[in-house]
Amino acid sequence: MTNGVRISSFAVFLFWANLSGVANGSVQLDSLAHTVTLSDKGSNLVLRLNYNGCCRLDRVIVRGREVAGGSGVASGICLDGQWFTTRTGIATPKVAVKGDTVTVTGIEFGKPGSEVVRETWQFAAHAEGIEWRITRRYSTAATLTDAAFPEWDFSNLFTWTGGMLDDGGVVWNKYLETPNATYGAHASTVTFWNREEDDCLRITPLLPRNQYGTVRFSHQPNNVFSFNYVVSGDELKPKHDLWRFLPDRQDLWAPFHVDAGTVSVEFMVEALDYDQAYNRGTFQGLDGASIRELLNTVARYGVIDSGLTGGNGWRSGYICLHEQWFGEMGLALDQPDYIANYSETLDYYRDHAIGPDGRVKARWCYGSWDAMPGTYDTNGFYEAQWGYLLDSQPDYVINAAEQFDLTGDRRWLGGQKAACERALNFLMRREVQHSGLVAMMTDSCKQQRGSDWIDIIWASYENALVNAELYEALELWAGAEDTLGDPDQAANYREFAARLKASFNRPISEGGFWDPTNQWYVYWRDKDGSIHGDNLVTPVNFAAIGYGLCDDPARQKAILDRIEAEMEKGKLFIWPLNIFPYQREEGAGSNFPFPKYENGDLFLSWGELGVRAYTAYNPALALKYVKNTLTRYGEDGLSYQRYLRGDQEGAGDDILAGNCMAIVGLYRDIYGIRPQWNRLCLDPHPTPELNGTEINYRLRNEEYELTIETNRSTIAVGGFEVRSAGSFAVEAVGNRLACFSGDQEKPALTLTRKTGADVTVDIGTWPETTDGECHWSITYPGQPVALRMVVSGLRPESVYEFQIDGAPTASLRTDAAGDITVEQARGQSKTIAFGLREEEAIANAVRTRRNGPH
């Protein structure tokens with residue numbers, strides 16, 4: 001694993017370098033009190049340096065609120081378990097002030113008579129923040145137990161709600177509830193925030209290329225909350241197995257070596273308005289602040305470290321590679337740091353968790369206690385003690401394909417090609433009699449081994465959940481193979497998926513999973529043909545609908561109506577894993593009596609699939625469970641593994657990041673935000689109360705403004721605005737705009753403007769949705785500008801009448817691809833209506849009017 005944040009940090013400092021000298025902050029020296037007070041231009045951030053027999057920041061004021069506590073902010077090293085710091089007991093350093101800069105020299109500390117550390121601190125007060133450079137010189141090589149480069153002490157544990165890390169993770173302070181509780185990661189930038197105070201403190205480091213940054217957060221015994229930053233020549237290693245969290249001690253990192261010589265680090269410190277810095281938009285009918293907060297906490301919590309993104313979080317330290325929703329989490333979280341780290345995570349899994357035969361080890365953990373004997377490796381990957389969980393195969397591929405849709409990085413996708421093919425082929429080799437259905441490692445539930453996420457229910461042989469996920473993986477990866485220019489592989493995967501779908505939907509009497517009596521899909525079939533899990537298992541049925549296996553409206557209605565009827569009976573706030581009880585032989589004894597654990601309790605991780613299944617059928621029902629999730633977040637932070645079926649109270653040792661998945665469904669399914677590798681798709685299904693929702697969305701460094709309406713929605717980006725009913729997509733690059741209808745891969749309308757003027761496009765009818773014609777209009781806020789328009793999806797080599805503001809102006813002929821190009825079309829008004837109608841269609845309409853229908 002590597003610290004992949006230095007380039008972004010460097011870009012931040014280029015910005016600050018350009019900014020300096022434009023509008024600066026202020027510096028006030030009080031030589032009698034031995035203090036220097038620095039502030040940004042608006043005094044949103046104020047730092048006071050105390051250099052009276054010490055060298056520390058004893059005041060840190062963020063937007064008028066004092067946040068420093070304990071000893072403030074100081075440097076230090078720990079040798080042989082003893083700390084030497086700049087907090088007190090050192091010779092008074094020298095301070096020089098010149099304009100908006102401060103230089104502090106003569107800072108010395110260390111073990112008397114031997115290892116001495118000398119530092120120089122330099123500050124520059126800018127308009128938007130304060131730059132702080134620490135240059136440290138080690139007089140001799142040493143092995144350090146720990147270091148502070150520097151350490152920030154805050155007033156108490158709840159000075160901040162938490163800190164968002166630039167690996168996409170979060171330190172959520174309430175999870176450091178015990179004295180000495182400590183969490184750390186290989187991250188750099190940290191943004192501390194307080195929801196109630198609406199403020200942030202962002203600390204962004206710039207490291208030399210041969211140095212690594214590491215962060216540690218601790219709950220001190222005196223209730224001070226500390227943030228410790230370490231700069232080292234080698235990446236720090238965990239001291240205790242692979243643990244990044246210790247509940248009652250602070251020695252998280254192993255001792256490390258430092259060479260004699262000089263190392264420096266620069267920090268940009270900023271005080272931000274939380275609402276402005278993390279403004280997701282205007283949410284009609286929902287609490288937008290709770291949506292933001294849930295994503296900033298629950299969704300981020302699954303990141304353990306750089307290259308280690310999962311769902312169980314850093315307290316318990318598990319990662320389930322047999323979970324398929326991390327790309328989707330990135331879609332909703334919409335933060336570049338999370339997305340970048342998940343690409344790194346998948347590369348790490350590719351290199352360390354996938355065997356030559358394509359087997360994807362199902363889990364990673366701090367230690368081996370959950371491992372099947374002999375399977376835990378030095379990198380932390382292993383097979384679960386409950387059995388070979390084969391959903392790790394399709395889930396890895398699903399995540400890789402959906403991650404590519406977020407990044408658009410074809411080179412990265414190419415680096416995943418062989419691994420994803422091996423993962424798919426591992427399962428495809430287990431096909432049962434050319435049915436498309438694949439077999440698990442066990443033949444019977446009597447073997448008492450798990451095979452998927454529901455790990456202590458003994459699903460065996462033909463498992464509907466794993467097969468449904470395989471279908472999704474095959475369909476998604478076929479598209480990836482098309483993008484990578486391998487149509488033969490794409491065709492192979494689609495052919496296999498088609499066989500799987502046909503077999504999946506057959507009645508159980510004919511080898512499929514459909515139970516025509518109960519009107520739902522069963523969970524699995526043992527090799528002897530016996531049917532199991534015939535108790536309305538929700539992940540199985542939601543996957544069948546959500547992944548497109550079940551496209552029969554009557555079946556969808558039967559399943560969804562039955563689930564909702566049972567939900568109403570139980571007054572449940574979110575879906576349980578199964579509606580009715582398992583048979584005793586079908587699961588571990590700890591699941592009985594019903595409802596208990598994986599036999600009927602409520603797990604929120606499947607919330608997105610539930611929302612997806614209901615959205616097209618009845619979006620009001622989907623929205624109901626989104627609201628329920630937000631309400632429960634407000635009550636308890638969703639800080640549990642699951643909720644008990646009986647009293648719906650939180651339970652379980654784990655805290656699952658997957659508890660955010662209903663909100664992911666809000667973004668993906670109800671708002672219909674679907675990033676694709678070369679465009680942003682919008683397929684909204686809002687209820688009337690959501691009308692007018694405005695979402696700020698960032699995709700691949702482009703800032704989008706999305707307006708969600710029940711009749712026509714809008715995507716605005718780069719001075720272009722596109723409005724349409726139904727599903728559509730856009731790609732904007734400079735002065736070029738491509739508009740796509742539905743999930744079509746080729747744009748239906750492409751505009752190139754001659755200048756950067758704003759242009760609004762309103763789609764009336766798309767070319768392929770109306771027989772022989774299409775209509776659109778363009779609105780200019782100023783005078784009309786010259787445009788080049790290409791309309792695609794028309795009948796090849798046919799003649800069309802071109803209209804401006806309803807009047808025919810020309811006859812145009814499509815090329816062999818069905819495209820028509822119009823150069824420099826103009827009108828006389830700010831809104832110009834355009835249309836194309838096939839002349840043969842016009843002639844047919846005239847003949848029909850004259851002669852009547854045949």
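**Figure 1. Surroundings of R632 in helix α14 of the predicted model.** R632 belongs to helix α14 in what is a predicted model. The relative accessible area of R632 is 14%, which means that R632 is buried. Leaving aside residues up to four places away in sequence, R632 is in contact with F573, G637, L638, Y643 and Q648. One of these contacts, G637, follows helix α14 and has a positive phi near 75 degrees.

**Figure 2. Helix α14 and the elements packed against its buried residues.** Helix α14 comprises residues 619-636, 18 residues in total. The distance from its first C-alpha to its last is 26 Å, close to the 26 Å expected at 1.5 Å a residue. The buried residues of α14 are L621, A622, L623, Y625, V626, T629, L630, R632, Y633 and D636. Three helices that lie elsewhere in the sequence, α3 (288-301), α12 and α13, are among the elements against which these buried residues pack. Helix α15 is also among them, as are the strands β15 (170-172) and β35 (642-643). An α-helix has 3.6 residues a turn, so residues three or four places apart point the same way.

**Figure 3. The crossing of helices α13 and α15.** Helix α13 spans residues 607-615 and helix α15 spans residues 661-670. The two helices pack at an angle of about 35 degrees, and their axes are 7 Å apart. The crossing of α13 past α15 is right-handed. On the α13 side, the residues in contact are G607, E608, V611, R612 and T615. On the α15 side, they are M661, A662, V664, G665, L666, R668, D669 and I670. By class, this contact contains six nonpolar, three polar and four charged residues.

**Figure 4. Two cis peptide bonds in the loop between α12 and α13.** The bond from F592 to P593 is cis, and its omega is near 0 degrees. The bond joining F594 and P595 is also cis, with omega about -5 degrees. P593 is placed in the loop between α12 (553-570) and α13, and P595 is placed in the loop between α12 and α13 as well. Most residues other than glycine have a negative phi, and most peptide bonds are trans.

**Figure 5. Two residues with positive phi, Q433 and N701.** Q433 is not a glycine, yet its phi is positive, at about 50 degrees. Q433 is located in the loop between α8 (410-428) and β30 (462-463). With a relative accessible area of 77%, Q433 is exposed. N701, likewise a residue other than glycine, has a positive phi near 70 degrees. The loop that holds N701 lies between β39 (693-699) and β40 (702-708). N701 has a relative accessibility of 63% and therefore counts as exposed.

**Figure 6. F123 in strand β10.** Strand β10 runs over residues 116-125 and includes F123. F123 has a relative accessible area of 2% and is therefore buried. Along the chain F123 and T101 are 22 residues apart, but their C-alpha atoms are separated by 5.5 Å. T101 is among the residues that F123 touches, as are D100, V102 and V104. Further contacts of F123 are L38, L49, L57, I130, E131 and W132, where residues up to four places away in sequence are not counted.

**Figure 7. N541 in helix α11.** Helix α11 covers residues 538-546, and N541 lies within it. The relative accessibility of N541 is 0%, so N541 counts as buried. Apart from residues up to four places away in sequence, N541 touches W520, Y521, L536 and I559.

**Figure 8. Helix α6 and its buried residues.** Helix α6 consists of 17 residues, 336-352. From its first C-alpha to its last, α6 reaches 24 Å, close to the 24 Å expected at 1.5 Å a residue. The buried residues of α6 are D337, Y338, I339, N341, Y342, S343, T345, L346, D347, Y348 and Y349.

**Figure 9. Two buried cysteines, C200 and C550.** C200 has a relative accessible area of 0% and is therefore buried. C550, at 2% relative accessibility, also counts as buried. A disulfide is a covalent bond between the sulfur atoms of two cysteines. The structure contains zero disulfides.

Technical notes. Residues numbered from 1 in each chain as written. Predicted model: local features only at pLDDT ≥ 70, side-chain atom pairs only at ≥ 80, totals over all residues. Heavy atoms only, no water. Axes fitted to C-alpha atoms, helices over the stretch in contact; angles between N-to-C directions. Helix = DSSP H or I, 4+ residues; strand = E, 2+ residues; numbered from the N terminus. Left-handed = near helix turned anticlockwise from the far one by under 90°. Contact = heavy atoms within 4.5 Å. Nonpolar A, V, L, I, M, F, W, Y, C, P; charged D, E, K, R; others polar. Expected span 1.5 Å × (residues − 1). Buried < 20%, exposed > 50% of the residue type's maximum accessible area, 1.4 Å probe, protein only. Disulfide = S-S within 2.5 Å.
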